[in-house]
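Trainee: I'd like a close look at one part of this chain, with enough of the surroundings to see how that part fits in. Could you walk me through it?

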Amino acid sequence: QVQLVESGGGLVQAGGSLRLSCAASTGSLRTYSMGWFRQAPGKEREFVAATTLTITLSDNIYYSDSAKGRFTISRDSAKNTVYLQMSSLKPEDTAVYYCAATRAISRFESVSAYAYWGQGTQVTVSS
């Protein structure tokens, strides 16, 4: 079991960058696949990116179409932290961003695949 804490959100102008962090306050993230999701007001929570473990404990990376080319997910096992580097931010990226952990082996884009969630961090992009 893990407890996740996100940080790094804030207010940024369009075209700017932010780096979100997701740290485990308890447990190790090394044996979990990790995902980032976001939820804008009045909308469903949607997939952003995932770093998923393979049988050899290497990582496969997945991005949503909106995140490809602008966002980068990474894992620092020594710090027990997963990051989401976001650049070229747009007003439509405004949302609460959540990290999540799973031991599922498929459906990494699905909210229901994840057992553990952080409390979320607000990202606001002004135009």
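What percentage of the 127 residues in the chain is buried? And once that's settled, please zoom in on strand 9 and its partners.

Mentor: Keep in mind that this is a predicted model. Buried residues come to 43% of the 127 in the chain. Let me sketch the whole thing, then go to your strand.

The chain has 11 strands and 0 helices, so the radius of gyration is a handy check on overall packing: at 14 Å it is close to the 14 Å that the globule rule gives for 127 residues, which means the chain is as compact as a globular protein of that length. Along its principal axes the C-alpha trace spans about 40 × 25 × 25 Å. About 6,400 Å² of the chain is exposed, with carbon and sulfur atoms supplying 50% of that. Among contacts with a separation of 6 or more, 59% link residues 24 or more positions apart.

Now strand 9, which covers residues 95-102. Here 8 of the 8 residues are buried, so the strand is largely enclosed by the rest of the structure. As for its partners, strand 4 pairs with strand 9 in the antiparallel sense, over 7 bridges. Within that pairing, Y97 of strand 9 has R38 standing opposite. Strand 11 also pairs antiparallel with strand 9, over 3 bridges, and there A95 has V123 as its bridge partner. Then there's strand 10, just residues 116-117, which runs antiparallel to strand 9 and is joined to it by 2 bridges; A100 has W117 as its bridge partner there. In general, strands of a sheet pair through backbone hydrogen bonds, parallel or antiparallel.

Y97 turns up again when you look at the side chains. The largest nonpolar core has 26 residues, and Y97 is one of those with the most contacts inside it, along with W36, L84 and M86. Strand 9 supplies at least two residues of this core, and so does each of strands 3, 4, 5, 7, 8 and 11. That fits a broader habit: in soluble globular proteins, nonpolar side chains tend to be buried together. Apart from this core lies another one, of 7 residues, including F47, A50, A113 and Y114.

M86 takes us over to another part of the chain, as the bridge partner of F71 in strand 8. Strands 7 and 8 pair antiparallel over 6 bridges, and both belong to an open sheet of 4 strands with antiparallel pairing and the order 1-3-8-7. Strand 1 (3-7) and strand 7 (71-76) stand at the edges with a single partner strand each, so one side of each has no neighbour in the sheet. From one strand to the next, the twist averages 20 degrees.

One last spot, since burial was your opening question: A67 sits in the loop between strand 6 (59-63) and strand 7. With a relative accessibility of 1%, A67 counts as buried, because the cut-off is under 20%. The C-alpha atoms of A67 and Y98 are separated by 15 Å, with the two residues 31 apart along the chain.

How values were computed:
Residues are numbered from 1 along each chain as its sequence is written. This is a predicted model: local features need pLDDT of at least 70, side-chain atom pairs count only at pLDDT 80 or more; totals for chains, interfaces and linings use all residues. Side-chain values use heavy atoms; hydrogens and water are left out. Two strands pair if DSSP finds at least two bridges between them. Axes are lines fitted to C-alpha atoms, for helices over the stretch in contact, and angles run from 0 to 180 degrees between N-to-C directions. A nonpolar core is a set of buried Ala, Val, Leu, Ile, Met, Phe, Trp, Tyr and Cys residues joined through side-chain atoms within 4.5 Å. Buried means under 20% relative accessible area, exposed over 50%, partly exposed in between (1.4 Å probe, protein chains only). The radius of gyration is taken over C-alpha atoms; the globule rule is 2.2 Å times the number of residues to the power 0.38. Contact means heavy atoms within 4.5 Å. Accessible areas come from the Shrake-Rupley method with a 1.4 Å probe; for residues, only the protein chains shown count as cover.
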